[in-house]
Amino acid sequence: MIRFEDIQETVKGHHPGADLEILRKAYIFSAVEHKGQVRASGEPYLVHPLEVANILAEMKMDPICVAVGLLHDVLEDTLTTPDRIEEYFGSDVFHIVEGVTKISKIPYATTEERQAETYRKMLLAMVDDIRVILVKLADRLHNMRTLKHLTDERRVRIARETMDIYAPLAGRLGMAKIKNELEDLSFQFLDPDGYQSLATRVAGKRKQARAFIDKVRGAVADKLTEAGIEATIEGRIKRLHSIQQKLKRQRIDIDQVYDFVALRVLVKSIPDCYAALGVLHNTWRPVPGRVKDFIAMPRPNGYQSLHTSVIGDDGHPFEVQIRTREMHNVAEEGIAAHWKYKEGRTGVGKDDDAFSWLRQLLEWQQEVKDPHEFLNSLKLDLYPEEVYCFTPRGEVKMLPRGATPIDFAYAIHTEVGHQCVGARVHGKMVPLRYKLQNGDIVEILTSSGHKPSRDWLGLTATNRAKAKIRHYLNTAEKQQALEIGRKHLERELRRFDLSLKKVSAGSSSPIASVAQELGVGQRLEDLYVAMGYGKVSARQVLSRLLPPEKLVETPEAEKPRPVVDAVRRFLGRREEHITVKGTDDLLVYRAKCCNPIMGEPIVGYITRGKGVSVHSRSCPNVQNLVYDPGRRIEVEWGHGGGGGYEVRLAVDLEDRMGALAAVTAALASMKTDVRDMQVRTFDDNTASIVLTVRINDLKHLDKVVKSVRGLKGVIDVARQSVTGSVSA
């Protein structure tokens, strides 16, 4: 257990002359408030705030920030009131503690809604005082270090949240050390078998890699000394999660990872950086296309460095990163290395270009009201932008990898995006699906009156473009649904000799409160829209307008409706084991794009004329926000099963004798029926097997994937959908 005196000494070393009395007050206050509380590990709860404070102290945070580390849980986990915190420690400490505290005492309809509002609150507080997120990251880091003491379900949930939100956020803030540790810890709990397998393979290469680093480091030091360049040289071995991502993305073996080992050359000045690069390229042959200049074009999180890969004397490739010592501090500590609290400022100012993305992120996220849409778009926004393109006038636009001319158009202006009909790159016409490259000069062609299509959502990579396209499409669809719903209600009311004008007249009309009763909104227009989308049936509305004895249709309504009956017969393939919450008269079917199976989280989407299509929450179409949130409806698995589900699995493995037989034997041992199989081999001695198998439920699928993934020579196993591949 870390001692308070150790924390105090660390802060004193980084901030000589600072008043540390606030630290002692915070320590005593936290000890008193958390007295008697214990963690899941059985340790006194005070261990956690002490460890969080120690992480902040090692990050060279100021005494106020470290004090908040000691106090960060008192509002959430004790009976302490906000007034007491402000009275004892002042408004600065109170503001940060409040920003770090989760939203847990306000009732929300779903966990997703509460989670979304907690992130919104955190982002707002972060703009006012960046120390909010620094404390939150330190808190999450210690929780991840002690995650093994929780239940399996909580471990996976927290690790997934860390991998999706907190690790990318640390990356956007340039805090590489924290990001890397969070990713490795999350990987360990999200895929324990894959983690252990990779850790064993890396351990086998670690001794050899260390010897190689020592040898090359000496050679580099000698060459730089000869050139008169003063430098400090460090070596590093690539982190496990980074290796795993590269193996999966590039479908390569660990021996083909060029940056498995890397040298960091730290010099005094920027000219020395380029001079050192020249020395290295004169000594070893550089790998074509592997030289990157992040000094001239820094990453959005402030990272600066020269990267190159060279072929060593023994033919072994290795990466070299060259930067100044100041750049190195920023690369490791990120925002914590130079933030403005040292000058008495705490928030994101208008002149802080390096973190302009934070202001933009907050601005865009405030426009997103739906919690599911908010969480997915936040994950998209947190990944770093790495493509730099230019307008014909030379203005730079930073976009994420995979961005297209449509993203570029919306980065210029919303109307330019809406009216985009084509693009020229370096003067040549390119399709709208073209992936922009670094250095592209992009000219957008527009046409007055042209409007975006829903297909564009699948061609864009930026949240800004997706949000603007969705807003336009949803506004048009909503207006159409409103008209359909109003006409439908008018038609149904006539069956009972009623008119819409009669039931909606006056502020106290009976229909005025129906929308609220059905949970679709506050206004009559909201009711029309819900009916137009199919979320609410006319029968549900009429049952609230008429007493049961009057809910008898006129002879007009009793006439046979052959078209409606035929449609019902044709679409009568409802899934008996999936139900729509709140109603039982909607047709339900599983979407073909993701084919959800019993046990996995699902979401319903209303389709006109076809009922409710049910998707897995991890479906690419749901994750990429192709669908209008207004049509989403809550669905759940019922009791009993559907008899089995066909699932496609993509297995990447080494191309060697007996590999296919090993896979089929593993499936047979799991009593899994193989319905179809396609095998492809590649020039790099790897192969891909796409299997269609019969699965009982999600637990059965997990066991099958685990069994196949554990086979010798298997690189990766992924569940495949019609629209792409989703990690199983």
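Lys 671 is exposed, with a relative accessible area of 77%. That value comes from a predicted model, as does everything I show today. Where does Lys 671 sit? In the loop between α27 and β19. Now look at its backbone. Phi of Lys 671 is near 55°, a positive value, and this residue is not a glycine. Why point that out? Because most residues other than glycine have a negative phi.

Stay with the two elements on either side of that loop. Helix α27 covers residues 659-669, and Leu 660 is in it. Strand β19 covers residues 673-681. Which residues form the nonpolar patch on the surface? Leu 660, Val 674, Met 677 and Val 679. Together they have about 280 Å² of accessible area. Strand β19 gives the most to this patch, with 3 residues. As for Leu 660, its relative accessibility is 38%, so Leu 660 counts as partly exposed. The cut-offs behind that label: exposed is over 50%, buried is under 20%, and partly exposed is in between.

Next, a second lysine. Phi of Lys 60 is near 70°, again positive in a residue other than glycine. Lys 60 also lies in a loop, this one between α3, residues 47-58, and α4, residues 63-71. Buried, exposed or partly exposed? Lys 60 is partly exposed, because its relative accessibility is 42%.

Now a glycine. Gly 334 comes just after α14 and takes a positive phi of about 60°. Helix α14 itself runs over residues 325-333. Which of its residues are buried? Met 327, His 328, Val 330, Ala 331, Glu 332 and Glu 333. Note the two glutamates and the histidine in that list.

On to helix packing. Two packed helices are described by the angle between their axes and the distance between the axes. Take α11, residues 192-226, and α13, residues 270-283. Their angle is about 120°, and their axes are 10 Å apart. How do we class that? Angles of 65 to 115 degrees count as roughly perpendicular, and over 145 as roughly antiparallel. The pair falls in neither class, so α11 and α13 are oblique to each other. Their crossing is right-handed.

Last, the N-terminal end. Phe 4 is found in helix α1, residues 4-14. Phe 4 has a relative accessible area of 3%, so it is buried. How far is Phe 4 from Leu 23? They are 19 residues apart in sequence. In space, C-alpha to C-alpha, Phe 4 and Leu 23 are 9.0 Å apart.

Notes:
Residues are numbered from 1 along each chain as its sequence is written. This is a predicted model: local features need pLDDT of at least 70, side-chain atom pairs count only at pLDDT 80 or more; totals for chains, interfaces and linings use all residues. Side-chain values use heavy atoms; hydrogens and water are left out. Patches are made of residues with over 30% relative accessible area and no salt bridge: like charges are joined within 9 Å, nonpolar side chains (Val, Leu, Ile, Met, Phe, Trp, Tyr) within 5 Å. Accessible areas come from the Shrake-Rupley method with a 1.4 Å probe; for residues, only the protein chains shown count as cover. A salt bridge is a side-chain nitrogen of Lys or Arg within 4 Å of a carboxyl oxygen of Asp or Glu. Helices (H or I, at least four residues) and strands (E, at least two) are DSSP runs, numbered from the N terminus. Buried means under 20% relative accessible area, exposed over 50%, partly exposed in between (1.4 Å probe, protein chains only). Axes are lines fitted to C-alpha atoms, for helices over the stretch in contact, and angles run from 0 to 180 degrees between N-to-C directions. Angles under 35 degrees count as roughly parallel, over 145 as roughly antiparallel, 65 to 115 as roughly perpendicular and the rest as oblique. A crossing is left-handed if the near helix is turned anticlockwise from the far one by less than a right angle, and right-handed if clockwise.
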